[in-house]
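Dear colleague,

I am passing the structure below on to you, and I would be glad if you could look through it alongside the notes that come after it.

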Amino acid sequence: MFGRPYQLLPQRDSSSQKTPGLFVNSHSFSQPSYHKGLSFDYIPNISANDFTDASQGWVSWICNLIVIFLVYICTFIAFPVTGWFVLKTVPNYQRVVVFRLGRVCPPKGPGVVLVLPFIDQWQKVDLRTRAFNIPPCQVITRDGGVLLVGADIQFRIWNPVMSVVSVQDLNASTRMTAQNALTHSLSKKTIREIQTERLKLEEYLGMDINEMTHPWGLEVDRVELTFGSLLKAPEEGQATPLTTPASLPSAPGLEGLTDSIQQLAMHFLSHSGKDSLTLINELSSEAEVAVVTPGSVEELLSGVQMILSETLVQQVRACFQFEISTADGQQRQYYLDLTQGSGAAGSGFLCREPDVTLSMSDCDLVDMFQGRLRPFAAYTSGKLKVQGDIKTAMKLEELIKQLKK
């Protein structure tokens, strides 16, 4: 055991060509040499439920048997006392990973599990589905645009032993991997592809994350993209708009429309028996109806007062106090009472103790009520500070939904 010379770990085969789905290979699960040379090569073959350790010498094996046998004897002799320490109850949604004398054992549970004293180190692993949120981050697309994109990801642990021995901090590593996969994947797409192929991108992104987290015993069940505001429009020279077929004749009134609407209109024109088609471009018309979006907290407050109703009060049943910091360093207070009647909103303080006190900047407040910033994403990113029940604070999404309508 001690006389064996040092051997260099096998290196990963870099000559094998890999063509990723978005940036990794979706068929690499079937390649046994894909993860060759990584730090978890010398642990037992956990994926095949083979926990034998061929690197253990016969002297070490005999010493382990002797120590384990003596601990078993001592445990059974003092069983009425040791039973409180060595017997663990494991629920159906958990497993126990045991390291006996430093070597990993098969997972135990559910039910009553025997853990030997002094020589066993154990750790519980939760197998239930969990979720985390990637805050909106800036993504530079292939056509030069800058878009805020976040994601909601659900995952679960399918192999408890690999989740313990393969990575030190599973949650932090998964978050970082998912965020890197998100930015790298969407940076190879254009703005139009991201907006029109959302479901396809979510499926491919889940495959990419699974490819990297599979050696950790973790599997992503669902990925849902959340789009924010467009910070920079794509460059005109790199955009790929839909072109109108050359075989179709041009028609008056189509010059000011977008290319996709031109193509659709000329498609119906070519199948109709009319000689001409007159369309009104509402985008450039003088009678255009502009959608006014609130640019300040006062405008937002007036919009909130217009949609207050008894139905909204029944859905929320809470009162909120807002402490808003402006760009010039001033502090302003606003309240939103949705506990009785049709509700009330205004500036100042509530006459009663609020259920939740929210602290944030005026720009983030406007973005949140316009739907560009989700309340949970604002809370996780530190833009929103909550004093009180977080679940009650998240009920503001009902008000945001009414504002969108």
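What follows covers the confidence of the model, then a sheet, and then the helices that lie on that sheet.

Please keep in mind that this is a predicted model, in which local features need pLDDT of at least 70 and side-chain atom pairs count only at pLDDT 80 or more, while totals for chains, interfaces and linings use all residues. Residues are numbered from 1 along each chain as its sequence is written, and side-chain values use heavy atoms, with hydrogens and water left out.

The chain has a mean pLDDT (the predictor's confidence in each residue, from 0 to 100) of 75, and 71% of its residues reach 70 or more. Over residues 239-264 the pLDDT stays under 50, and the model has 34 contacts (heavy atoms within 4.5 Å) for this stretch beyond four places in sequence.

Three strands (DSSP runs of E, at least two residues, numbered from the N terminus) form an open sheet in the order S6-S7-S8, with antiparallel pairing (at least two DSSP bridges between two strands). Strand S6 (130-140) and strand S8 (218-232) are the edge strands, each pairing on one side only. Between S6 and strand S7 (residues 146-157) the antiparallel pairing runs over nine bridges, and Arg-130 stands opposite Phe-155 in S7.

Helix H4 (residues 170-186; helices are DSSP runs of H or I, at least four residues) lies across S6, S7 and S8, and runs at about 35° to S6, where axes are lines fitted to C-alpha atoms, for helices over the stretch in contact, and angles run from 0 to 180 degrees between N-to-C directions. Helix H6 (residues 198-213) also packs on the sheet, touching S7 and S8, and its direction makes about 130° with that of S8.

With best regards
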